[in-house]
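Here is an informal walk through one model, from its confidence scores to its strands, core and charged pairs. Have a look at the structure first, then read on.

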Amino acid sequence: MQKHQQLLLLITLVAIIMVWPKVYSQESTATEQARFTIAFGSCNKQYKPQPLWEDIMKQDPDLFIWTGDNIYADTADMQQFKKAYDQQLQNPGYQKLLQTTPVIGVWDDHDYGKNDAGAEWKMKQESQQLFLDFFAVDEDDERRDRAGIYTSKIIEKPGGSIKIILLDTRYFRSPLVRDRQSGKRYQPTTDPSATVLGATQWQWLAKEIANNYSDFMIIVSSIQYLSGEHEFESWSNFPKERNKMMALLEKHKARNVIFLSGDRHISEFSVYQPDGLSYPLVDFTSSGLTHDYTDFTGESNRHRVGKVIAIPSFGLLKFDLTTYQVTMEMRGKDNLLLQSYRKTYPK
């Protein structure tokens with residue numbers, strides 16, 4: 001009897017050993033299908049050392065997003081403009097990233113062509129084509145024949161989906177208003193017709209938000225959306241437009257929106273809880289990849305969570321589509337974790 005029990009035990013153990021790798025493999029596959037990692041960054045001078053590409057690739061991102069100032073051109077000479085893009089494309093670290101990772105993005109002023117420029121920039125049509133060339137956008141893509149670089153992309157995973165909205169905050173933007181009294185650079189406009197996105201892009205965005213079915217929506221804006229107490233460019237320079245964005249998100253109960261921004265040469269998390277949404281909005285600013293705000297001594301931001309990072313860095317968003325948890329990280333040279341923010345979103 002004892003030998004019979006031992007034999008049964010041995011058979012059971014063998015069966016467990018044979019089945020376990022398959023079960024473990026299925027669980028591991030399911031876990032991987034529910035995860036998605038986005039790396040992003042901005043403010044990248046093509047002629048400077050770019051040591052962060054290797055660190056970014058070590059994070060094994062599923063996607064990299066440029067959030068503006070992908071090169072520093074600042075010229076009306078389109079031949080020089082193209083040379084700047086070509087120099088970036090020839091960077092060895094960036095070439096390796098392109099071989100392993102899909103890359104999308106938006107522009108800001110320096111890869112638009114002129115510092116702080118908006119709709120008034122005379123070479124915007126030409127610079128748009130060079131921007132699209134840089135991203136190897138197909139010749140039959142609608143952005144080749146219409147004004148503005150805005151577009152959207154949906155990431156489908158077996159565990160869920162993420163919608164990415166890439167905004168153009170340059171092509172249609174009304175002039176900034178100089179602050180002649182306080183000595184700061186810019187002040188909010190009082191012009192009711194002033195715009196950041198322009199009428200056509202606003203109509204497009206409204207449809208994108210209204211028709212969204214994804215679990216998360218990433219809105220990429222080259223300039224900061226929530227932080228606006230500083231003197232530089234931000235959505236707060238256009239209060240009516242900033243409010244319009246908030247109203248649009250609340251009207252459609254937009255699911256789990258996260259803003260990504262750049263421009264500032266600093267990195268920070270800004271967080272705000274709208275009355276009409278069941279979760280807080282996060283504006284994750286990551287800037288810059290090759291240089292930083294060396295003279296930064298501090299500035300007010302009522303929405304800031306944590307501290308300001310004023311050294312070169314890149315941003316990471318690690319999605320778990322099963323738990324709806326997103327881990328947001330700022331990382332520097334040698335993948336040093338500089339700051340993180342974690343949020344579990346409603347399903």
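## Model and confidence

What we have here is a predicted model. The mean pLDDT over the chain is 93, and 91% of the residues reach at least 70. The stretch to be wary of is residues 23-27, where pLDDT stays under 50. For those residues the model has zero contacts beyond four places in sequence.

## The six-stranded sheet

Let's start with an open sheet of six strands, ordered β3-β2-β1-β13-β14-β15, in which the pairing is mixed. Its edges are β3 (103-106) and β15 (337-344), each of which pairs on one side only. Ignoring direction, neighbouring strands in this sheet are turned against each other by 20° on average.

Inside the sheet, β1 (residues 35-41) and β2 (residues 63-67) run parallel and are joined by four bridges. One pairing to look up is Ile38, whose bridge partner in β2 is Leu63. Both Ile38 and Leu63 turn up again below, among the contacts of Ile164.

## Strand β10 and its two partners

How enclosed is β10 (residues 267-272)? Five of its six residues are buried, so the strand is largely enclosed by the rest of the structure.

β10 has antiparallel pairings with two strands. With β11 (residues 281-285) there are five bridges, and Val271 has Val282 as its bridge partner in β11. With β12 (residues 304-309) there are three bridges, and here Ser267 is matched with Ile309.

## The nonpolar core

As a general rule, nonpolar side chains in soluble globular proteins tend to be buried together. In this model the largest nonpolar core has 93 residues, and Ile164 and Leu317 touch the most other members. The strand that gives the most to this core is β8 (residues 216-220), with five residues.

What does Ile164 touch once its neighbours within four places in sequence are set aside? The list is Ile38, Leu63, Ile65, Ile104, Thr151, Ser152, Lys153, Ile155, Ile218 and Val220.

## Val326 and Asp215

Val326 sits in β14 (residues 325-331). With a relative accessibility of 0%, Val326 counts as buried. Beyond four places in sequence, its contacts include Phe216, Ile258, Leu317, Phe319, Tyr341 and Tyr345, along with charged residues such as Lys318, Arg342 and Lys343. For a sense of distance, Val326 and Gln187 are 139 residues apart in sequence and 34 Å apart in space, C-alpha to C-alpha.

Asp215 is found in the loop between α6 (199-210) and β8. Is this residue buried or exposed? Its relative accessible area is 12%, so Asp215 is buried, the cut-off being under 20%. Apart from residues up to four places away in sequence, Asp215 touches Gly160, Ser161, Arg255, Asn256 and Tyr324. Arg255 is 40 residues away in sequence, yet the C-alpha atoms of Asp215 and Arg255 are 6.4 Å apart.

## Salt bridges

How many salt bridges does a search of the whole structure find? The count is 16. One of the pairs is Arg143 with Asp141, at 3.0 Å from N to O. Arg143 is buried at 12% relative accessibility, while Asp141 is partly exposed at 21%.

Another pair is Glu229 with Arg302, whose closest N and O atoms are 3.1 Å apart. This pair links distant parts of the chain, 73 residues apart: Glu229 is in the loop between β8 and α7 (239-251), and Arg302 is in the loop between β11 and β12. Glu229 is partly exposed at 26% relative accessibility, whereas Arg302 is exposed with a relative accessible area of 67%.

Back in the six-stranded sheet, Lys318 and Glu329 form a salt bridge, with 3.3 Å between the closest N and O atoms. Lys318 belongs to β13 (residues 314-320) and Glu329 to β14, eleven residues apart. The relative accessible area is 26% for Lys318, which is partly exposed, and 7% for Glu329, which is buried. Lys318 is also one of the residues that Val326 touches. Finally, a network of salt bridges links Asp108, Arg170, Arg173 and Glu233.

Note on methods
Residues are numbered from 1 along each chain as its sequence is written. This is a predicted model: local features need pLDDT of at least 70, side-chain atom pairs count only at pLDDT 80 or more; totals for chains, interfaces and linings use all residues. Side-chain values use heavy atoms; hydrogens and water are left out. Buried means under 20% relative accessible area, exposed over 50%, partly exposed in between (1.4 Å probe, protein chains only). Two strands pair if DSSP finds at least two bridges between them. A nonpolar core is a set of buried Ala, Val, Leu, Ile, Met, Phe, Trp, Tyr and Cys residues joined through side-chain atoms within 4.5 Å. Contact means heavy atoms within 4.5 Å. Axes are lines fitted to C-alpha atoms, for helices over the stretch in contact, and angles run from 0 to 180 degrees between N-to-C directions. pLDDT is the predictor's confidence in each residue, from 0 to 100. A salt bridge is a side-chain nitrogen of Lys or Arg within 4 Å of a carboxyl oxygen of Asp or Glu.
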